[in-house]
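Good morning, colleagues. Please take a moment with the sequence and the model on the screen, and then I shall go through several of its regions in turn.

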Amino acid sequence: MTHAVTVPVIILNDGVEIPALGFGTYKLNGSAGVESMVSAIRTGYRLLDSAFKYENEGAVGEAVRRSGVPREELLITSKVPGLRHRYDETLYTVEESLYRAGLEYYDFYLIHWPNPSQKLYVESWKALVEARRQGLVRSIGVCNFLPEHIQKLIDETGVAPSLNQVELHPYFPQQEQREWDRTHGIVTQSWSPIGRANEILSEPAVTSAAARLGKSAVQIVLRWHVQLGAIPIPKSSNPQRQAENLSVFDFELSEAEMNAITALGRPDGRRKDQHPAYYEEF
Ligand code: NAP
């Protein structure tokens, strides 16, 4: 096995430990996807983020088996799609995800989008609480939930999510949502953490820190997430870029650099206007 980087861990509100940086798998499918994921695991990633909707749970399970790393050292995430928010549907979808992956349990299972117009996310949450009770899942969370959605889960079930995975990058730093999550004991995870490698990477606030520290622009952005206390899950199909993205634990951004990167935020900074109050996925 190749040299593996050690990633610090964060302890969630249910006691489950999660690495401070994970690996995104959207668009990693089939045998090429398996190869990329095996490479990521051998590089040192221990947290793999997938979803029922990505249609790659089978590839994730195959990568786990081929990686040579014991299952219990890996943390695997999947997500329930909008079409399966009814109680019985969510429960059988967790089971279906496990069959697809050939795994006995998921570490994390999240509600993918709140889809507020369906008014079913609390039902889905109750099913995830039951899936956790049955041992199908170790830790349960949400994605793309606004404070009002999470508050409703807490009010109606008494169970807070461990994680809230949201769009988060320098153009959309999510200060308010991060602060809300933090004060409610919920860890924020960052999707599209490098904005799918868009023009964020040539912003002077990023490139000047990169020059000072002798790091790449992507490493600066990922380090910014880590210092915010948000867990980035960058995706890369390329082994060199996978290693680059994981190597962000041996340097530090100054407070001024952190603030300058956060100041790149824009009110409409979402990449595709996917506001969870009205954008829905099924
Ligand atoms: P991302 O991780 O911000 O960016 C991925 C893109 O950046 C790919 O095109 C990749 O290309 C490129 N890239 C990666 N590392 C690079 C580097 N060091 N230098 C230059 N380019 C680099 O975007 P994302 O895939 O949208 O987000 C990450 C993960 O979040 C997803 O894979 C998925 O697991 C999750 N996600 C969740 C939701 C949700 O609703 N919950 C929504 C979107 C995404 P190569 O592959 O060629 O390296």
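Which elements do the buried residues of α2 pack against? The partners are α1 (30-43), β4 (47-49), β5 (75-80), α3 (87-101) and β6 (106-111). Please bear in mind throughout that we are looking at a predicted model.

Let me stay with this helix for a moment. Helix α2 covers residues 57-67, and the buried residues in it are Glu57, Ala59, Val60, Gly61, Ala63, Val64 and Ser67. As a general point, an α-helix has 3.6 residues a turn, so residues three or four places apart point the same way. Just after α2 comes glycine 68, whose phi is positive, at about 85°.

From α2 I turn to one of the strands that its buried residues pack against, β4. Aspartate 49 has its place in this strand. Is aspartate 49 buried or exposed? Its relative accessibility is 3%, so aspartate 49 counts as buried, the limit being under 20%. Apart from residues up to four places away in sequence, aspartate 49 touches Phe23, Gly24, Thr25, Tyr54, Thr77, Lys79, Gln165 and Ile233.

Aspartate 49 also brings us to the ligand. How many residues surround the ligand? There are 27, and the closest are Asp49, Ser192, Arg196, Ser236 and Arg241. Helix α9, residues 239-246, supplies the largest share of this shell, namely three residues. The space that the ligand takes is the largest pocket.

For those who will look at individual atom pairs, I have three distances to ligand atoms. In the side chain of glutamine 165, an N or O atom is 2.8 Å from a nitrogen atom of the ligand. For tyrosine 54, a polar side-chain atom lies 3.3 Å from a ligand nitrogen atom. With lysine 235 the ligand atom is an oxygen, and an N or O atom of the lysine 235 side chain is 2.8 Å from this oxygen. As for coverage, the ligand on its own has 910 Å² of accessible area, and the protein covers 86% of this area. Two of the residues just named, Tyr54 and Gln165, are also among those that aspartate 49 touches.

Arginine 196, which is among the closest residues to the ligand, deserves a word on its backbone. Arginine 196 is not a glycine, yet its phi is positive, at about 55°. The residue is placed in the loop between β9 (187-191) and α7 (204-213). Why is arginine 196 classed as partly exposed? Its relative accessible area is 44%, and partly exposed means between 20% and 50%.

Lysine 119 also has a positive phi in a residue other than glycine, near 55°. This lysine lies in the loop between β6 and α4 (121-133). Lysine 119 is exposed, because its relative accessible area of 71% is over 50%.

Next, two strands with fully covered residues to consider. Glycine 141 lies in strand β7, residues 137-143, and is buried, with a relative accessible area of 0%. How many residues apart along the chain are glycine 141 and leucine 110? They are 31 residues apart, while their C-alpha atoms are separated by 4.5 Å. Beyond four places in sequence, the residues that glycine 141 touches include Tyr109, Leu110, Ile111, Trp125 and Leu128. Pro161, Ser162 and Leu163 are also among them.

Asparagine 164 is found in strand β8, residues 163-167. Asparagine 164 likewise has a relative accessible area of 0% and is buried. Its side chain reaches the backbone oxygen of phenylalanine 145 at 3.0 Å. Among its contacts beyond four places in sequence are Val142, Cys143, Asn144, Phe145 and Ile150. The C-alpha atoms of asparagine 164 and isoleucine 150 are separated by 9.0 Å, with their positions 14 residues apart along the chain counted as a separation.

Finally, glutamate 257, in helix α10, residues 255-262. Which side chain does glutamate 257 join in a polar contact? The partner is arginine 212, and the contact is 2.6 Å. Glutamate 257 counts as buried, because its relative accessibility of 11% is under 20%. Neighbours within four places aside, its contacts are Ala209, Arg212, Leu213 and Glu252. Arginine 212 is thus in the list of contacts and in the polar pair.

Key
Residues are numbered from 1 along each chain as its sequence is written. This is a predicted model: local features need pLDDT of at least 70, side-chain atom pairs count only at pLDDT 80 or more; totals for chains, interfaces and linings use all residues. Side-chain values use heavy atoms; hydrogens and water are left out. Helices (H or I, at least four residues) and strands (E, at least two) are DSSP runs, numbered from the N terminus. Buried means under 20% relative accessible area, exposed over 50%, partly exposed in between (1.4 Å probe, protein chains only). A polar contact is a pair of N or O atoms within 3.5 Å; within protein, one must be able to donate a hydrogen and the other to accept it, and residues adjacent in sequence count only if both atoms are side-chain atoms. Contact means heavy atoms within 4.5 Å. A residue is near a molecule or strand if one of its heavy atoms lies within 4 Å of it. Accessible areas come from the Shrake-Rupley method with a 1.4 Å probe; for residues, only the protein chains shown count as cover. On a 1 Å grid over the protein atoms alone, a cavity is a set of points where a 1.4 Å probe fits but cannot get out, and a pocket is an open set with protein on both sides within 12 Å along at least five of seven lines; lining residues have an atom within 4 Å of a point. A molecule sits in a cavity or pocket if more than half of its atoms lie within 2 Å of its grid points.
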